[in-house]
Amino acid sequence: MNRLKAEAGYTLIESIGFIAVISMLAISIISLINNMLDKYRMSRVTQQIVELQKNIDFRFASSQNFKDLKVKQMVKEKIVPGDMADGENLYHAYHGDVELKAVQQNSAYTITFKGLPYTPCLELAMVDWMTGYNSHLMHIKVNSKYFTWQGNNESALPMDFANAQKACKHDRENVITWQFQ
């Protein structure tokens with residue numbers, strides 16, 4: 001009788017099964033958290049470009065001269081979203097560099113997001129910049145391919161999913177440049 005009491009407990013197979021179930025639950029929870037975090041980043045990176053463009057346009061609305069478009073000044077004036085600024089450098093939600101530059105004799109400017117993964121590249125390439133029948137967007141350059149309002153089917157804005165797929169690379173090295181006036 002004492003011998004039966006001493007042998008009570010889980011067998012090795014039961015213990016391994018229990019550990020396997022716990023491991024599968026942990027993997028599922030981690031996967032769910034990563035998926036939610038990625039959806040947040042994707043939403044945030046889209047908000048960042050829209051907010052940044054809107055703030056720059058508002059800041060320079062009266063002069064339409066972007067010669068003072070310098071990152072240091074934009075951070076000081078709180079033109080850039082707070083989560084993009086790290087000292088005098090800008091980073092988007094996927095931790096890639098963001099560049100601002102005045103172009104075309106300071107009558108236009110570009111915003112460049114570097115180091116974008118494939119899915120956010122698709123999402124950002126297809127952002128609809130039309131408000132009413134007007135847009136300050138002149139063109140988008142996705143990696144090395146330009147898209148404009150007067151383009152043909154393969155280079156026209158707004159960009160469709162098929163063209164975004166062709167322009168975006170399947171790695172974390174996508175670069176998108178928007179030019180606004």
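Q: At what angle do the axes of H2 and H4 cross?
A: In this predicted model, the axes of helix H2 (residues 12-59) and helix H4 (residues 118-125) cross at roughly 40° and come within 10 Å.

Q: Parallel, perpendicular or oblique, then?
A: Oblique, because the angle is outside the roughly parallel class, which takes angles under 35 degrees, and outside the roughly perpendicular one, 65 to 115.

Q: Left-handed or right-handed crossing?
A: The crossing of H2 and H4 is right-handed.

Q: Which residues make the contact?
A: On the H2 side they are Met42, Val45, Thr46 and Ile49. H4 contributes Thr119, Pro120, Glu123 and Leu124.

Q: How do those divide into nonpolar, polar and charged?
A: Five residues of the contact between H2 and H4 are nonpolar, two are polar and one is charged.

Q: How many residues of H4 are buried?
A: Six of the eight, so H4 is largely enclosed by the rest of the structure. The buried ones are Tyr118, Pro120, Cys121, Leu122, Leu124 and Ala125.

Q: What covers them?
A: The cover includes H2, strand E4 (108-116), strand E5 (137-142), helix H5 (161-167) and strand E7 (174-180).

Q: Cys121 is on that list. What does Cys121 form with Cys168?
A: A disulfide, with the two sulfur atoms 2.1 Å apart. A search of the whole structure finds one disulfide.

Q: Which hand does the link have?
A: The link of Cys121 and Cys168 is left-handed, with -80° about the S-S bond.

Q: Where do the two cysteines sit in the chain?
A: Cys121 is in helix H4, while Cys168 is in the loop between H5 and E7. The pair is 47 residues apart and links distant parts of the chain.

Q: And Cys168, buried or exposed?
A: Cys168 is buried, and Cys121 is buried too.

Q: Staying around there, what touches Ile176?
A: Ile176 lies in strand E7. Leaving aside neighbours within four places in sequence, its contacts include Cys121, Leu124 and Ala125. Ile111, Thr112, Phe113 and Leu116 are also among them, as are Ile140, Lys141 and Val142.

Q: Is that residue buried or exposed?
A: Ile176 is buried, with a relative accessible area of 0%.

Q: How far apart are Ile176 and Asn143?
A: They are 6.1 Å apart in space, C-alpha to C-alpha, and 33 residues apart in sequence.

Q: What is phi like at Asn143?
A: Near 55°, a positive value in a residue other than glycine. Most residues other than glycine have a negative phi. Asn143 is in the loop between E5 and E6, and it is buried at a relative accessible area of 17%.

Q: What about phi of Gln104?
A: Gln104 is not a glycine either, and its phi is positive at about 50°. This residue is in the loop between E3 and E4. Its relative accessible area is 41%, so Gln104 counts as partly exposed.

Q: Switching to peptide bonds: cis or trans from Leu157 to Pro158?
A: That bond is cis, with omega near -5°. Most peptide bonds are trans. Pro158 is in the loop between strand E6 (145-148) and H5.

Q: Where is His92?
A: His92 is in the loop between strand E2 (89-91) and strand E3 (97-103).

Q: Buried or exposed?
A: His92 counts as buried, because its relative accessibility is 3% and the cut-off is under 20%.

Q: What is His92 in contact with?
A: Apart from neighbours within four places in sequence, it contacts Val45 and Gln48, plus Asp97 and Val98. The others are Phe113, Lys114, Gly115 and Leu116. Val45 is also one of the H2 residues in the contact with H4.

Q: Back to H2 for a moment. Is Phe58 buried or exposed?
A: Phe58, which is in helix H2, counts as exposed at 72% relative accessibility. Phe58 and Ile79 are 9.3 Å apart, C-alpha to C-alpha, with their positions 21 residues apart in sequence.

Q: Last one: what is Glu88 in contact with?
A: Val71 and Lys72, leaving aside neighbours within four places in sequence. Glu88 is in the loop between strand E1 (85-86) and E2, and it counts as exposed at 51% relative accessibility. Glu88 and Lys70 are 9.5 Å apart, C-alpha to C-alpha, and 18 residues apart in sequence.

Key:
Residues numbered from 1 in each chain as written. Predicted model: local features only at pLDDT ≥ 70, side-chain atom pairs only at ≥ 80, totals over all residues. Heavy atoms only, no water. Axes fitted to C-alpha atoms, helices over the stretch in contact; angles between N-to-C directions. Helix = DSSP H or I, 4+ residues; strand = E, 2+ residues; numbered from the N terminus. Parallel < 35°, antiparallel > 145°, perpendicular 65-115°, else oblique. Left-handed = near helix turned anticlockwise from the far one by under 90°. Contact = heavy atoms within 4.5 Å. Nonpolar A, V, L, I, M, F, W, Y, C, P; charged D, E, K, R; others polar. Buried < 20%, exposed > 50% of the residue type's maximum accessible area, 1.4 Å probe, protein only. Disulfide = S-S within 2.5 Å.
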